[in-house]
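Visitor: Could you take me slowly through a single part of this model, and explain each term as you go?

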Amino acid sequence: MKVTLKIWRQKNAKAKGRFVKYKLENVSPEMSFLEMLDYLNEQLIKSGEDPVVFDHDCREGICGACGLYINGRPHGPEKRTTTCELHMRSFKDGGTIVIEPWRSKAFPVIKDLMVDRTALDEIIRSGGYISVNTGSAPEANSIPVGKHLSDKAFDAAECIGCGACVAACKNSSAMLFVAAKVSQMAFLPHGKPEAADRVQSMVKKADVLGFGGCSNTYSCEHDCPKGIPVEFIAKMNREFFKAKVCKQKVE
Amino acid sequence: MIKLDSKIPSGPLSEKWEKYKTGLKLVSPANRKKLDVIVVGTGLAGASAASSLGELGYNVKVFCFQDTPRRAHSVAAQGGINAAKNYKNDGDSIYRLFLDTIKGGDYRAREANVYRAAEVSNQVIDHYTALGVPFAHDYGGMLDTRSFGGVQVSRTFYAKGQTGQQCLLGTYSSLSRQVNKGTVTMYSRKEMVDLVIIDGKARGIISRNLVTGELERYSAHAVVLATGGYGTVFYLSTLALGSNPMAAWVSHKKGALFANPSFIQIHPTSVPVLNEYQSKLTLMSESLRNDGRVWVPKQKNDKRHPNEIPEEERDYYLERQYPAYGNLVPRDVGSRAAKERCDAGYGVGDTGLAVYLDFKDAIKKQGKKAIENKYGNLFEMYEKISGIIPYDEPMRIYPAGHYTMGGLWVDYNLMTTIPGLYAIGESNFSDHGANRLGANSLMQCSGDGYFILPYTIADYLADDIATSKIPTDTPEFEKAEKAVNERIERLVNIKGNETATSYHRKLGKILWDYCGMIRNEEGIKKGAKLLKELEEDFYKNLIIPGTGAELNQELEKALRVETFFEIGQLMCQDALNRKESCGAHFREESQTETGETLRKDEEYAYVAAWEFKGEGKEHELHKEPLNFEFVELKQRSYK
């Protein structure tokens, strides 16, 4: 395969970025997308150029480190697929591929395609946990959890924290990310005691960090590599409303 | 002169830990906040240790090289986590879990450590459940379990095929809570590049800021390494590309002994190599062997489509050779059996280096829905990589480098031979002997971090309550930082024309061929020689663009590859020294008539702990004899 790549190159957070065109030959359709970039970098390095910087780690779709905006879509053209799981057989021979970093005010570019997603950690730190100290947990089966609830909680907990939902949203909203964590814990009996505080703190934190409000376009669900559905945003909204009605204060 | 003292307490197995714990010194809450602890790594071991220590009130600094702690490679563990709850009423117990682990490890692990890991396993499950980890439940609301390789009970708790992810996000949430409280400070995108020792004690680290390239100094009263294993030494492995043993290795070179480096688990069920640019082998969870049947055609070089090969022409070789355990034999046995069939010419796929894992019968019996419920995400993952839909035709699988049983030598307190330096989780050597059983990894990492280290580290820190903050402007920090700078300068200034990855790929192939699944004296020696030659070439022809004083992913790789050359050499030396077969270490010269591992207990029932004696010098071997007080050593049999 031959491909033309248009890649966003940006020296650092403050520098002005631009697209640079690369022509790449002898690309195998069996290569993963990131292996194709490795292949490009190998050639750039040998010809004395600066290789393209991007985040990646597990290369099996679970760690959430990778995340490229490919041909106008987070993680590229395939549904329920992370960038690292994407293979070149999904692209046309002779085609052009445009590669950009995540675009969001809350995710500043570090270099080229690498962005800073610490804001997502900060949202979790604001309340995305159940406050149990090591050693104090009761016997695991002492609190029954219905199968449908644990399954639902699992579906929400599948979020890998890649930030594709934010990149997909025209408002750069992190609502799907927040909703996934809020819902997971609200479904489980263990998460109930802190449910009201949790949803309020997390939503507030997302606002403060510069993530926008929900755009109701469902693009987050569409581009989420784990297929987290927007129904969890509805669940989060209910949890939020419930918390407000109960007038539980946030510190 | 190093003298190994494992500090294993005396007394009956089931009372050792309880009794020992009560004898350990404590640190009062008021003193804890004066004490700094560095934790390197944020996987299950690191994040659980850091959050637990934070909860206790210590001042914790935790480091990861990824952009966020939630990326640590524990996230990729699939199948499950073991515990001796006996919820299935099938005869399980702490003792049984202990026994299975000792046997699975082919009698090369410490009894006391293994028993303790089994003992705390139940608390681990309780804790994760309370943290909101969505383990699978049955309709009555109780936790579900499934079977795993090498055992005859059902003790594996799971969250579909993403148990590691769910447990990691659980520990990450408690870590986040402590960061929010201010007891833990999180340092992301920083990689430990050296250990700092002051007056013989571990007192800090040098880390490289991966965004700016700056070297930074951090001090503490104790340092905990939770940095995982070195399976990426093979280049192609089931690990994340960033996983690397540099932190453990630099500590080794500062005096921490490295134990059983040649004990590397090759996982039997990974997606096979498909192209020459491949950067990674994706694991297909062992849990699949609960329902999947492994086979190859009875005819050599059978090129027919698997669905066209009739039942009577299929060789279900695991069921044939090991009727008692069938497809659920331990990993080392399963891997070697696959290699044996492929080497004999029965392999499938274009390369002939694959066997089938077939779900046809399970789908027929249980229905597609049931199989989808159990393994849906794994099937999807397989389809994405290979383009094959496993509901319609069998998966192709082949063994891949996976987990390192070897690691830093630690005593019963999980402390290395450097006072104040601890190693937990996969980075130590202590619990899995020569082969790890499936789902025992999450169990051990979590047990170490949540329920063992917080007790044992207090015993050490109790003597340090009068020691004020450790300054970082001392000659020791100065010297360590200078040495790292020189290392970096040396690499950056080679200015050759071969990339770090290209060396990594080559060195991985050498080790895979000569110090992999099957080893012999001649091969290991040849491998070591080839490795040495390649290393010399590395220092002549490596190319790194840019400098050390900036974001430089190629430099990061080169520093790690440098480590792999050295650890690879020690793997060969260890494999050469151990002229017996045990678990994953299979020496051709030592096998039974039927081709199984043959141990030599009189000569080799010891932990091989290697001491670094200086650059260019031979490592020195120290032996820690393994005393089996409670278990009778037997030839392992899964037939």
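Guide: Let us begin with one pair of residues, A:K6, which stands opposite A:V98 in β5(A). This is a predicted model, in which local features need pLDDT of at least 70 and side-chain atom pairs count only at pLDDT 80 or more, while totals for chains, interfaces and linings use all residues. Residues are numbered from 1 along each chain as its sequence is written, and chains are lettered from A and ligands numbered from 1 in the order in which they are written.

The pair belongs to a longer match, for strand β1 (residues 3–9) of chain A and strand β5 (residues 96–100) of chain A pair in the parallel sense over four bridges. Here strands (E, at least two residues) are DSSP runs, numbered from the N terminus, and two of them pair if DSSP finds at least two bridges between them. In general, strands of a sheet pair through backbone hydrogen bonds, either parallel or antiparallel.

Stepping back to the whole sheet of chain A, we find five strands in the order β2-β1-β5-β3-β4, which form an open sheet with mixed pairing. At its edges stand β2 (18–24) and β4 (73–74) of chain A, each with a single partner strand, so one side of each is left without a neighbour in the sheet.

Around this sheet we can place the domains, whose bounds come from an automatic or database domain assignment: chain A is given domain 1 (3–111) and domain 2 (117–131 + 144–245). The centres of these two domains of chain A, taken over C-alpha atoms, are separated by 28 Å.
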